[in-house]
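Me: Can you walk me through this one? I'd like to start with the strands and then look at pockets.

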Amino acid sequence: MNGGIGVRLALAIALLLTTASQAGAQTASAAACPPQAQEPTPQQLQAAAAQARDRGLLWRITRDGRTSYLYGSIHVGKLDWAFPGPQVRAALQASDTVALEIDVGDPQMAERMKPPASFAAPVLTPALRERLARLADAACVPRELLATLHPVMQAITLMVLAARWQGLDPSFAQEFALSGFARAGQRRVVSLESPELQMAVLIPRDAADAERMVVQMVEQLEQGSVPRVIARLASAWERGDLADVGDYERWCDCVASDDDRLQMQRLNDDRNPALADGIEALHRDGRKVFAAVGALHMTGAKALPDLLARRGFSVQRVALQ
């Protein structure tokens with residue numbers, strides 16, 4: 001397991017992360033806590049909107065005389081990234097449907113973010129539980145709140161929250177901004193996946209495998225490498241640097257074994273055909289789609305732009321810089 005995987009699946013637990021972060025800030029010294037996302041003032045919102053510029057990765061996909069868009073997003077962010085720039089905004093305005101990995105605005109999402117009942121949770125050793133608890137203290141997340149989650153989700157929660165030390169917060173994830181933009185413009189918002197599917201992909205069925213994942217993530221958090229990895233991925237996304245995003249496995253220092261590679265494949269390549277199917281189905285039904293999917297899904301042997309091209313779409317990268 002690694003920091004990049006945590007980032008890509010952050011939206012599956014974003015509601016829990018926000019709750020944990022806010023609760024933790026009330027019970028710990030502000031000086032000892034990572035920066036907390038604050039409710040922006042009207043003046044801050046106006047300034048961010050006025051200075052909005054294009055970021056990320058955008059493709060124009062055309063078939064059957066109709067144009068849709070594919071957008072490589074990121075699941076952490078900052079206030080300056082919350083407003084789309086001119087070209088991304090134009091693509092959104094030209095669309096009638098915004099398709100996200102999961103619709104973060106769905107009020108039932110939190111209830112559905114639970115591991116399948118058939119997946120046995122590992123029984124962690126007292127030493128490993130204490131290591132997780134110490135990491136929760138450092139993240140200013142109440143231990144008792146974190147303990148309500150599956151152990152794998154506990155570790156992922158802490159990995160995503162580690163991005164706050166770099167000024168990046170899941171509260172400003174692109175999906176929240178895009179969902180809000182779509183609903184304000186009375187556009188349809190749909191999920192390309194379900195939280196149940198994402199949880200099933202993330203959490204191993206075997207309890208021993210799940211425990212190994214927890215140990216790996218705890219070690220990375222204790223070593224302090226997670227914020228650096230997330231920050232580099234976020235920087236590459238902000239610049240629209242597809243090559244650097246695609247080279248993630250080389251520079252993240254997080255894919256060291258065959259098991260790591262298989263996990264990366266399960267979380268990225270193996271999900272892409274179904275994501276492409278969902279986008280294609282919406283477009284075929286007459287929708288003008290703005291599909292936003294994590295940037296790492298735009299890379300690799302089954303990159304989404306390539307899969308859509310194989311389905312007969314004319315796929316053209318839109319230069320945002």
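Reply: One definition before the strands: two of them pair if DSSP finds at least two bridges between them. Strands (E, at least two residues) and helices (H or I, at least four) are DSSP runs, numbered from the N terminus. This is a predicted model, where local features need pLDDT of at least 70, side-chain atom pairs count only at pLDDT 80 or more, and totals for chains, interfaces and linings use all residues. Residues are numbered from 1 along each chain as its sequence is written, and side-chain values use heavy atoms, with hydrogens and water left out.

Me: OK, what stands opposite Val98?

Reply: Phe290 in S5 does. Tyr69 also stands opposite Phe290.

Me: How many bridges join S3 to S5?

Reply: Four, between S5 and S3 (residues 97–100), and the two run parallel. S2 (residues 66–73) pairs with S5 over five bridges, in the parallel sense too.

Me: Is S5 mostly covered or open?

Reply: Mostly covered: six of six residues in S5 (289–294) are buried, meaning under 20% relative accessible area with a 1.4 Å probe, protein chains only.

Me: Switching to pockets. What volume does the largest pocket have?

Reply: About 300 Å³. Of its 12 lining residues, Pro204, Asp209, Met213, Asp259 and Gln263 are the closest to the centre. A pocket here is an open set of 1 Å grid points over the protein atoms alone where a 1.4 Å probe fits, with protein on both sides within 12 Å along at least five of seven lines, and lining residues have an atom within 4 Å of a point. The volume is the space filled by probe spheres set on the points, which are joined across faces, edges and corners.

Me: Which helix gives the most to the lining?

Reply: H15, with five residues.

Technical notes
Buried means under 20% relative accessible area, exposed over 50%, partly exposed in between (1.4 Å probe, protein chains only).
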